[in-house]
Structure formats: structure tokens, C-alpha cells
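Thanks for sharing this one with me. Here are my notes, in numbered points, to read beside the model.

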Amino acid sequence: MKTLTKEQIEEYQQYFESLYKDPKIKRIEINDQHRGSNTYLHVCKVTRLAYKLAKRSNRKVDFKDLILGAMLHDYFLYNWRLDTKKLVLHGHKHPRIALENARKDFEINDKVANIIISHMWPLNFFIFHKSYEAFLIGVADKCVSTREALTSQKYKLKHREEELSIIFTLEDK
Ligand SMILES: [Fe+2]
Ligand SMILES: [Fe+2]
């Protein structure tokens with residue numbers, strides 16, 4: 001379990017804020033994810049969970065790479081549920097498209113690039129996680145996606161306010 005200083009917590013929260021308020025990232029709000037959830041809320045949830053997992057672990061983590069990778073892992077910029085052509089093999093293809101888009105719009109290093117491209121492992125079996133951060137985001141993405149897929153739209157709408165009150169903070173209140 002890591003103990004982050006107050007300054008570090010503030011720094012990571014500000015970095016997260018700069019990303020979720022970024023108009024380029026906010027564009028993904030119009031894209032459906034799983035059952036009544038959109039891609040923007042999805043990546044914020046994945047970021048929170050990956051951050052929590054990273055804090056609980058004893059291994060060294062670059063929190064800024066972790067946060068940037070989590071926020072951009074689904075930066076594919078199309079609504080796969082409405083586009084029948086994109087629906088085909090979306091699960092396999094979208095990490096590469098997300099990476100191409102992320103490279104155009106953001107400065108990303110090799111670690112962040114691998115976080116994005118490998119997040120669907122083991123579906124894309126030969127694209128492995130090359131860092132602990134990539135592994136954590138792979139786990140967080142699967143947990144959040146499974147929960148989104150299994151939760152009814154009715155329940156999500158009922159708890160939307162509650163969800164929105166915590167989704168933009170890395171630390172639990
Ligand atoms: Fe994805
Ligand atoms: Fe995802």
C-alpha cells in the first residue's frame with residue numbers, strides 16, 4: 001500500500017482534471033459504451049479504479065502515465081453501436097484506432113502507447129502489456145466493463161447523480 005503525500009494527491013487530481021475537462025476528451029461523451037454508459041464516463045471510471053489499484057500495490061507506478069493511458073485507452077472517436085461497419089470486430093480494432101487518434105491529439109510516450117494498444121488483452125492475444133501500469137488498466141477496464149454490462153439501464157439512471165458526484169475525484173471522500 002502506497003502512502004502518497006498531500007502534494008502528490010493534489011498533483012494527480014489536477015492532472016486528471018486537466019484531462020477530463022479537455023474538450024478533445026469530452027468529445028467521447030457522445031459515444032455509447034455498455035448499456036446506458038458512455039465512453040467518457042467509462043474512461044473516468046477506469047482511471048479511478050486503476051488509480052486505486054495502483055495505490056494499494058507496493059510496486060512502483062508512474063501515476064501520470066497511468067492516468068493519461070486510462071483516459072485515452074478508448075479514444076476511438078466513433079459510436080460503434082450506431083455504425084454497423086465499425087461494430088464488426090470493434091473489440092479487436094479499437095485499441096489501434098484509439099492509439100492513432102491519441103498520437104494526433106496528445107503527446108504520448110511508449111508506455112502510454114502500449115497501455116492503449118494492449119488494453120484488450122487477451123482478446124488481442126499477441127499484444128501484451130509491457131508495464132505494470134498497462135496491466136492495472138487492463139484489469140480496471142475489465143472490471144468496469146463487466147459491471148457496466150451487467151447493470152441495468154434503469155439502475156444506472158437511478159444512481160446517475162450519485163455516480164457523477166464521485167466520478168471526477170480520484171480519492172474517495
Ligand atoms: Fe476498449
Ligand atoms: Fe475501456
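1. His119 counts as buried, because its relative accessibility is 0%; Asp74 is buried too, because its relative accessible area is 2%. Here buried means under 20% relative accessible area, exposed over 50%, and partly exposed in between (1.4 Å probe, protein chains only). Please keep in mind that this is a predicted model: local features need pLDDT of at least 70, side-chain atom pairs count only at pLDDT 80 or more, and totals for chains, interfaces and linings use all residues. Residues are numbered from 1 along each chain as its sequence is written, chains are lettered from A and ligands numbered from 1 in the order in which they are written, and side-chain values use heavy atoms, with hydrogens and water left out.

2. Which residues are the protein donors of the iron ion (ligand 1)? They are Asp74 (OD), His94 (NE2) and His119 (NE2), at 2.1 to 2.2 Å from the ion. Donors are N, O and S atoms within 2.8 Å of the metal (3.2 Å for Na, K and Ca); water is not among the atoms, so sites may look incomplete. The spacing of these donor residues in sequence is D-x19-H-x24-H.

3. Asp74 also acts as a bridge between the iron ion (ligand 1) and the iron ion (ligand 2), which are 3.4 Å apart. Distant parts of the chain are linked by the pair Asp74 and His119, 45 residues apart: Asp74 sits in the loop between helix 4 and helix 5 (84-87), His119 in the loop between helix 7 and helix 8. Helices are DSSP runs (H or I, at least four residues), numbered from the N terminus.

4. The largest nonpolar core has 42 residues, and Ile25, Leu66, Met71, Leu72 and Ile108 have the most contacts inside it. Such a core is a set of buried Ala, Val, Leu, Ile, Met, Phe, Trp, Tyr and Cys residues joined through side-chain atoms within 4.5 Å. Helix 3 (39-56) is among the helices that each supply at least two residues of this core; its eight residues are the largest share.

5. Leaving aside neighbours within four places in sequence, Leu66 is in contact (heavy atoms within 4.5 Å) with residues including Ala50, Tyr51 and Glu133. Glu133 lies in helix 8 and counts as buried, because its relative accessibility is 4%. With the same four-place exclusion, the contacts of Glu133 include Lys60, Asp62 and Lys111.

6. Finally, Phe126: buried or exposed? Phe126 counts as exposed, because its relative accessibility is 70%, and this residue is found in the loop between helix 7 (110-118) and helix 8 (132-150).
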